[in-house]
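Let's take a walk through a protein chain together. Keep the viewer open and look up each part as it comes along.

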Amino acid sequence: MIYKLLTALLALLLILPLLACSDGDDDDDDALDDDDSGDDDDDDDQPPSPALIEPLTWGRYVCGEQRPDDVELSVGSFNLHGGKEASAERIASELTNHLPLDLLTLQECPEEYAQTIAAGLEMELFYYNGLALLSGTTLVDPRGVDLVEGRSVIQATTTIEGLEFSAYAIHISWNESGDNQCRQLVNEFLAADPCERIVMAGDWNDELGSTQIGIMLEVAADAWSSLGVWPSARVSWPAQLFYGAEGAQLIDNTLFNKSSGACAVSGEIVNFTPPLSDHKFQRTLLRFPATAEPAQPQLLDFLTGFGADSVGLLFDRPLSKIEVELSRGEESIELSAVSIIDNGQIALLRAVDDLPTDGELTVRVLDAVCTDGVPIAKPFGLTFANPPNLLRNGGAENNGEDWELDGMQSATELHHVTPLLGERFFSGTVGHKRGWAVQQVGLEQYAAQIDAGRAQLALGGACRTGYIDVGTSNALYAFDESEALVELYDADGALLRTISSGRFDTLYWQPWRTTVQVPPGARLARVTLRAVGGLHGDEFNSAAFDALSLSIQTADEPGDQRSGNLIVNPDFDPQLAGWTRNGPLLTGRDHWLLGNFDIYSFSGEYWLGAALLLTPAGAEQTIELDDFAAAIDRDELSLRWGAALRSLLGDAASSLTLSLLDENGVLLDSDSIESIRFAEWFLYQRTAPLPPGTRSATLGWLAAPVTMPVEAAFLDEPFVYVVDR
């Protein structure tokens, strides 16, 4: 009943403003603007990436080279929400498309559902108190045990490809209860489990970085961080709408004991359309060595933004000891300090003098030991470029100097957030749901490289958010979100490209970096740090930034980009300038409305939406290509095009179409990204060759009508670039 009331409320909020809209009438959208304060090519329609960036790999227990006697397990988990959204037969049928599964755990699962699904997947079943453990091999001595404060766990052993595994079906609580249940799992179950290989899959009701998952990571590693997937990069709950009562969460996960030496090979979080539950099905492929032994620490990447004399090294697990050498060519660089910072995964190298910014640096790790006591087997190295940081005061150490601050501050501590390095960091402020820090960087000195297509821009930093205490535990609230943007402009002030860090609501400092080609003609970079408050944003905005860097590096070969984004107004100001309406539309601001309907953008301030009843709705824009006519007629160019798309409930289908026209408006060719229904933002991209004679292109978005009482589709960050064929 509550769900029906909420969807009816959303219908009212979405539809009533639309009834006042008509084609070409832009004025009525202003009321929807909640203004309360001061790419890889992929021709597959499946989403290539949930974010705009190529993130730094962050994770524990990254897989090395596969050995012949390794055993790989396919492990899934699915919270069925009591079967409220789908029948057992439909769930079983859909899961058969994601076989093979060696182990599957089900939570909030009626017993008859478990029996039907097990029969449909031809797996053995053990059921206890709403939990189910399914196995493709025989379960030995299965047992269901009640945990403290009202939850349960199933445990059994099974043999797969000659190796014995201890399997756990997990569904625990949150906050203090979750902490207590995790402590019981670690102290009473895992400490007494004699099996060398342990797998735990299920609904953990909190994310990596939380106090309860921190307890589990004393002895276990998790699959998503091992795969470089962080909370806010993907969502496993809720499967519909934008947020649940505690935000968008990555709480369905698979853990494995660190002493086994296992790692995660691959994984998927599945958006069924329409959804089968309020959670999403998750499946990971784990690799276990035939001889159980802890894996050795690995160096993943280098980090900048720590100052002109420093560089960071990112490891795949926390360290207790490290010894390194740093050099430039044959010249050794004297270090004044080597320290382990943050949660232990970053080693900070500080030189006596500022580090060279021309040429490449080489770091050699002579010795390193992780906090579990495992040393590296032999020294190894990493070579990287170190161009100058063009951002001033990237760590907020000089308060707000060099930045224009609005609803943001230079903080020393806020809601359990402390600096990644130094004494300060950038943060949102209490009383401001939205905050910004802005700095402009001139690029004139790189004009020759930029116009030759050889300039690569790297934007990097670290982001996180805070939390509210509940006793000894962090509380689940709709987390605040941080996002860094770079807007590239030409000499006349035209926007050529927007680059985003992606959104972060992690409970720990998450490093990131994105590297893109600077479009020809770019002369100015405008960097904006966005701190957006969640459900309690007016009183609690702890979105945070530190170690920010912006650099330009000259590539050996020119990139393929010939233009900036040819779309006018890709950020959808409330008047929809540059766009032609097709049916009733609305523009909304990031984190519009509250609670389960707190609609957030894919990137930047605004999104475009269509509330769907019985008629289609969409928007289109025509782009003139006369400036590229000669190269088009020589058959040299293509268009790289796409956008971020999603639906509200997982049923509305929208499509994106590119039409190529000659000088008389005659259609020469077209391409489409069809039937996108996922209730999660993804970025879609295609590349279309330009036939000789093409003089314009029309990008159109269309959301199809639905039969549901309420549904909506959304569009964000559309782009069209001219690129070399």
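Two strands pair if DSSP finds at least two bridges between them. Helices (H or I, at least four residues) and strands (E, at least two) are themselves DSSP runs, numbered from the N terminus. With that in hand, look at strand β15 (residues 319–328) and strand β19 (residues 360–370), which pair in the antiparallel sense over 8 bridges. Lys321, for instance, has Val369 in β19 as its bridge partner. On to the next pairing: β19 and strand β20 (residues 380–385) also run antiparallel, joined by 6 bridges. There, Arg364 has Gly381 in β20 as its bridge partner.

Before going further, a word on what you're looking at. This is a predicted model, where local features need pLDDT of at least 70 and side-chain atom pairs count only at pLDDT 80 or more, while totals for chains, interfaces and linings use all residues. Residues are numbered from 1 along each chain as its sequence is written, and side-chain values use heavy atoms, with hydrogens and water left out.

How confident is the predictor? pLDDT is its confidence in each residue, from 0 to 100. The protein chain has a mean pLDDT of 89, and 90% of its residues reach 70 or more. Residues 1–9 fall below 50, and this stretch has 6 contacts in the model beyond near neighbours in sequence. Residues 15–54 are below 50 too, with 106 such contacts. A contact means heavy atoms within 4.5 Å.

Now for the inside. Buried means under 20% relative accessible area, exposed means over 50%, and partly exposed is in between (1.4 Å probe, protein chains only). A nonpolar core is a set of buried Ala, Val, Leu, Ile, Met, Phe, Trp, Tyr and Cys residues joined through side-chain atoms within 4.5 Å. The largest one here has 57 residues, and Met200 and Leu529 have the most contacts inside it. Leaving aside residues up to four places away in sequence, Met200 touches Tyr168, Leu190 and Phe256, among others. A second, separate core has 41 residues, including Phe572, Leu576, Ile632 and Ala713.

Leu190 is also one of the buried residues of helix α4, along with Cys182 and Phe189, among others. The expected span of a helix is 1.5 Å times one less than its number of residues. For the 16 residues of α4 (residues 175–190) that gives 22 Å, and the end C-alpha atoms are 21 Å apart, which agrees.

Finally, the charged pairs. A salt bridge is a side-chain nitrogen of Lys or Arg within 4 Å of a carboxyl oxygen of Asp or Glu, and a search of the whole structure finds 30 of them. Here are three:

| Pair | Closest N to O |
|---|---|
| Glu483 and Arg530 | 2.6 Å |
| Arg530 and Glu605 | 3.0 Å |
| Asp633 and Arg695 | 2.6 Å |

Arg530 appears twice. Is Arg530 buried or exposed? At 2% relative accessibility, Arg530 counts as buried. Glu605 is buried as well, with a relative accessible area of 17%. Arg530 lies in strand β31 and Glu605 in the loop between β34 (586–589) and β35 (606–611), so their pair ties together parts 75 residues apart in sequence.

In the last pair, Asp633 is partly exposed at 38% relative accessibility, whereas Arg695 is buried with a relative accessible area of 16%. Elsewhere, salt bridges that share partners join Glu481, Glu483, Arg503, Arg530, Arg589, Asp590 and Glu605 into one network.

Definitions and conventions:
pLDDT is the predictor's confidence in each residue, from 0 to 100.
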